[in-house]
Amino acid sequence: MSAVKRSFAGVSLASLVDSMVSRTFRLALIQLAVGEDKAENVKRALSFIKKAKENGSYLIALPECFNSPYGTKFFPKYAELIPSGQTSSSLSQAAKEHQIYLVAGSIPEKDGDKLYNTCTVWNPSGELVTKHQKVHLFDIDIPGGICFKESETLTAGKRLTVFNTDICKIGIGICYDMRFGEMAQIYRKEECDLLLYPGAFNMTTGPLHWELLQRARAVENQVFVATIAPAQDKNADYVSWGHSQVVDPWGKVIAKTEFDEGIVYADIDLKVVDEVRQQIPVFRQRRTDLYDTVLKD
Ligand SMILES: NC(=O)CCC(=O)C(=O)O
């Protein structure tokens, strides 16, 4: 079949549409050094947000548990109400002042008599767009490796979380959520272009699984995937694997760091999403007469 090309005054229709609807933006991932001083953690996050904005970022993301050390004994002490707590009000103000979308990693959230591991999302007006309460709690036991039970103090969320910016649709998961491919498939079905996973893998599972899972979710669902981790602190009870990074829909790592604090930038071009979906059309080739992945109420 021959391609139909139209042009106006020598400019192709495709490039006209491209220039009218911006499909590119800069994403910044803040790999933050998190300690036991909550106010200091938030202050550092705010100063990195300012820097990321100065460097042209449109969407800025923080790591899992950015205002508290990651550990079940810390969650009750650091937990706050959302959006009336102090951390929420600082995030709202930062999003408004810098005119950015802010995916604020996660904080321990107090909601009624329960605690959640919760990601808040803020728009350039400083409004809370949505929040994601981690739906898969990190409960694992690897003898000689790591034993961790988030369920000792946390409750699992009950909803998947998708939101729109002016440019793209984004699905949110927190860390262990990334292991559950069905969740990412639902996000693809909801027409997300980008999945964001604030996360803190560890020194046992991180080296083998962190990048592998991220690239798998990207290739399976033909989306950009970004993970945002706390910087590594070898003296902490829980040692983060770090390695915040961005993967494109081909499965290529387009930006990454290792263990230290800093900002990872990626210039996202959503044309890549359209291209790969057109060239390898697996989504419409699924045999939904044989199997399916469905969202339940
Ligand atoms: N914070 C987490 O959910 C950690 C998940 C993790 O390390 C894993 O291996 O999965």
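Q: A residue counts as exposed if 12 or fewer other C-beta atoms lie within 10 Å of its own, as buried if 20 or more do, and as partly exposed in between. Is E191 buried or exposed?
A: This is a predicted model. E191 is found in the loop between α5 (181-189) and β13 (194-198). Within 10 Å it has 12 other C-beta atoms, and the limit for the outer class is 12 or fewer, so E191 is exposed.

Q: What separates the C-alpha atoms of E191 and D113?
A: Along the chain, E191 and D113 are 78 residues apart. In space, their C-alpha atoms are separated by 35 Å.

Q: How many helices and how many strands does the secondary structure of the chain come to?
A: Two of the helices are α6, at residues 206-221, and α8, at residues 282-285. Strands include β6 (residues 107-111) and β14 (224-228). The full count is 8 helices and 17 strands.

Q: What radius of gyration does the chain have?
A: The C-alpha trace spans about 65 × 50 × 35 Å along its principal axes. For 297 residues, a compact globule would come out near 19 Å. The chain agrees with that, because its own radius of gyration is 19 Å.

Q: Of the contacts in the chain with a separation of 6 or more, what share comes from residues 24 or more positions apart?
A: One such pair is A61 and A226, which are in contact. Over the chain, residues 24 or more positions apart account for a share of 66%.

Q: Which residues touch the most other members of the largest nonpolar core?
A: Buried residues make up 42% of the 297 in the chain. The largest nonpolar core holds 74 residues. Those touching the most other members are I30, A61, L102, V103 and A226.

Q: Leaving aside neighbours within four places in sequence, which residues is A61 in contact with?
A: A61 lies at the end of β4 (59-61). It is among the residues that touch the most other members of the largest core. Its contacts beyond four places in sequence are L29, I30, V103, G105, L196, P198, A226 and I228.

Q: How do the residues of the shell around the ligand divide?
A: The ligand is surrounded by E64, F138, C175, Y176, R179, G199, A200, F201, N202, T205 and H209. Sorted by class, the shell comes to 5 nonpolar, 4 polar and 2 charged.

Q: How far apart do the end C-alpha atoms of residues 25-270 lie?
A: UniProt, in an unreviewed entry, places the feature "domain: CN hydrolase" at these residues. The span is 24% helix and 29% strand. Its end C-alpha atoms lie apart by 9 Å.

Q: Which residues is K110 in contact with, leaving aside its neighbours within four places in sequence?
A: K110 sits in strand β6. It counts as partly exposed because it has 18 C-beta neighbours inside 10 Å. The C-alpha atoms of K110 and A79 are separated by 5.4 Å, though the two are 31 residues apart along the chain. The contacts of K110 are A79, E80, L81 and L115.

Q: Which residue does a cis peptide bond join to I82?
A: Omega for this bond is about 5°. The partner is found in the loop between α3 (75-78) and α4 (86-98). The residue joined to I82 is P83.

Q: C65 is not a glycine; what is its positive phi?
A: C65 lies in the loop between β4 and α3. It has 29 C-beta neighbours inside 10 Å, so it counts as buried. Its phi is positive, about 50°.

Q: Is Q222 buried or exposed?
A: Q222 lies in the loop between α6 and β14. It has a positive phi of about 55° although it is not a glycine. With 24 other C-beta atoms within 10 Å, against a threshold of 20 or more, Q222 is therefore buried.

Q: What distance separates the C-alpha atoms of V282 and Q222?
A: V282 is found in helix α8. It counts as partly exposed because 13 C-beta neighbours lie inside 10 Å. V282 and Q222 are 60 residues apart along the chain, and their C-alpha atoms are separated by 9.1 Å.

Q: How far apart in space are R284 and A226, C-alpha to C-alpha?
A: R284 also lies in helix α8. It has 7 other C-beta atoms within 10 Å, so R284 is exposed. A226 is among the residues touching the most other members of the largest core. The two are 58 residues apart in sequence, and in space their separation is 25 Å.

Terms used:
Residues are numbered from 1 along each chain as its sequence is written. This is a predicted model: local features need pLDDT of at least 70, side-chain atom pairs count only at pLDDT 80 or more; totals for chains, interfaces and linings use all residues. A nonpolar core is a set of buried Ala, Val, Leu, Ile, Met, Phe, Trp, Tyr and Cys residues joined through C-beta atoms within 7 Å. Two residues are in contact if their C-beta atoms, placed from the backbone, lie within 7 Å. A residue is near a molecule or strand if its C-beta atom, placed from the backbone, lies within 6 Å of it. Ala, Val, Leu, Ile, Met, Phe, Trp, Tyr, Cys and Pro count as nonpolar, Asp, Glu, Lys and Arg as charged, and the others, Gly among them, as polar. UniProt positions are given in the numbering used here, feature names are shortened, and annotations may be inferred rather than shown by experiment. Helices (H or I, at least four residues) and strands (E, at least two) are DSSP runs, numbered from the N terminus. The radius of gyration is taken over C-alpha atoms; the globule rule is 2.2 Å times the number of residues to the power 0.38.
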